[in-house]
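Here's a quick look at two things you may want to find in the viewer: one tyrosine and one chain-to-chain contact surface. Load the model and follow along.

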Amino acid sequence: MLTDAAVGAAHPHDHDVAADTDASDSPPGEYKILEAALRTLFLSKGLLTATELQAEGAAMESRTPELGTRLVAHAWSDPKLFDLAIDDAIAAAGAIGLDMSNAVPVRAVANTPDVHHLVVCTLCSCYPRPLLGPPPTWYKSRAYHAKAVIAPRGILREFGTELPASTEIRAVDSTADLRYLVIPRRPAGTDDWSADKLEKLVTRDSMIGVGLATEPATIAQTRARLGLAVDGNDRTSGCHILGRGEEGHGFGDLVDRHPVLVIGIRHRQPVCWSV
Amino acid sequence: MNEGPLDIREDDLKLYERRADAMVILLVGRGFYTLDASRRVAEIDLSADEYDSIRYYDRWLVQARRLMTELDVISEAEVEREIVVARD
C-alpha cells in the first residue's frame with residue numbers, strides 16, 4: 001500500500017524542453033556528441049529541417065497516457081466504441097475527437113475475469129505511442145521482453161499486481177505494424193460514472209497490462225490520508241490541484257516552493273508535481 | 001532465462017535522447033530506413049555485449065549512423081568530422 005515516503009515524493013515536471021538536462025553531468029557523453037553531429041549533417045544536407053525536428057519533439061511531448069485513459073473511459077461507457085477499439089483503436093480515438101492519422105495501427109485487447117493481457121514487444125520496443133506517449137524504460141528492457149512471455153505472472157507481481165490463479169495471463173506481442181492497448185477491467189461500483197470520472201481510474205500501467213485500473217476506494221483512501229476532500233477539485237487521473245494557502249495536506253514546504261501543485265496517482269504511485 | 005528483477009524506476013529522458021527520438025522517427029517516417037533494418041544493425045551488426053552495454057537511444061544513434069552511411073546519404077568521414085566539431 002501507499003507509504004509515507006511515496007506520498008511525500010515530489011517529481012517536478014520539467015516543461016522546459018530547451019533546457020540542457022545534461023548540464024550537470026561530466027563532460028558531454030559520446031552519444032550526446034554523436035546526436036549533435038548527425039543532426040548537423042542531416043540538417044546541412046537538407047534531409048530534415050529544424051522546424052520539423054522541433055515539431056516532432058513537440059508532438060512527442062504532447063502525447064501522454066491521458067489520451068489512452070480517455071479512450072478507455074469512453075470505451076467502457078459505450079459498447080459500440082468498445083467494439084471499434086478492439087478492431088481499430090486509432091479509429092476509435094478519432095471517433096472521440098483524438099486525431100491520430102498516420103499512426104501505426106493499434107488494437108485494443110480487453111481484460112476479463114478469465115483472461116488478463118500483458119503487452120510486450122519481444123523484438124524491440126513497439127508501443128502505442130500516440131495513445132500512451134513514450135514507453136517507460138523497463139518496457140524496453142531485455143528483462144521485460146524475456147519475462148513477459150515466459151513468466152508474466154512474475155512480472156505482474158513485481159508491479160504489485162496479483163491475480164487469481166484461475167485467470168490466464170496472456171502476453172500480446174506488438175510489432176512494427178501493429179501495437180496493442182489493454183482495456184483494463186472496469187472497477188465495480190462505477191455503473192453511473194461519467195466518462196470524465198472514469199478516466200481517473202485508468203492508469204498507464206493498466207493499459208500496458210502490468211497493473212489494474214484503480215479502485216474508487218483507493219482514490220478515496222488516498223485523499224483521506226492526505227486530508228483532502230473525497231470529491232475534491234479533480235482533473236483526470238485522480239489529481240487534485242492545490243494552491244498556496246491550503247493546509248493540512250502534508251505537502252507544506254513543497255507548496256511554498258511551487259505555486260501550484262498537482263497531486264495524484266501517476267502511473268502507479270502518488271506523486272506531486274508543479275504546474 | 002534469469003534476467004533478475006525488473007528495474008521499474010521511471011526515467012525522464014535527457015534532451016539529447018529526446019532529440020534522437022525525434023530525428024529517428026522523422027528519418028524512418030521519410031523512408032530512409034525501416035524499423036526492421038534498424039533491428040538488423042542492433043541484433044546482427046552489434047555484438048551481444050555491445051547491445052547490452054549501450055543505452056536505448058544511444059543504440060538508435062548507432063543505427064542511424066550505420067544505416068545512413070550504408071545508404072551513402074552521408075559518409076563516415078563526414079560523420080567523424082562533425083563529431084570533432086561537436087566536441088568543441
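Let's start with a contact list: Tyr139(A) touches Ser125(A), Tyr127(A), Tyr144(A) and Ile208(A), leaving aside residues up to four places away in sequence. Keep in mind that this is a predicted model. Tyr139(A) sits in the loop between helix 7 (129–132) and helix 8 (142–150) of chain A. Loop or not, Tyr139(A) counts as buried because 22 other C-beta atoms lie within 10 Å, and the cut-off for buried is 20 or more. Tyr139(A) and Cys121(A) are 18 residues apart in sequence, with 8.2 Å between their C-alpha atoms.

Now for chain B. Its secondary structure is five helices and zero strands, so to speak α-α-α-α-α when read along the sequence. The C-alpha trace of chain B spans about 40 × 30 × 25 Å along its principal axes. Chain B has 88 residues, and 26% of them count as buried. For contacts in chain B between residues at least 6 apart in sequence, 55% join residues at least 24 apart.

How do the two chains meet? On the chain B side, 37 residues are in contact with 42 residues of chain A. Helix 1 (15–29), helix 2 (35–45), helix 4 (56–70) and helix 5 (76–87) of chain B each give two or more residues to that side. Helix 1 of chain B gives the largest share, 10 residues. By class, the side of chain B that touches chain A breaks down like this:

| Class | Count on the chain B side |
|---|---|
| Nonpolar | 20 residues |
| Polar | one residue |
| Charged | 16 residues |

Terms used. Residues numbered from 1 in each chain as written. Chains lettered and ligands numbered in written order. Predicted model: local features only at pLDDT ≥ 70, side-chain atom pairs only at ≥ 80, totals over all residues. Helix = DSSP H or I, 4+ residues; strand = E, 2+ residues; numbered from the N terminus. Buried ≥ 20, exposed ≤ 12 C-beta atoms within 10 Å, placed from the backbone. Contact = placed C-beta atoms within 7 Å. Nonpolar A, V, L, I, M, F, W, Y, C, P; charged D, E, K, R; others polar.
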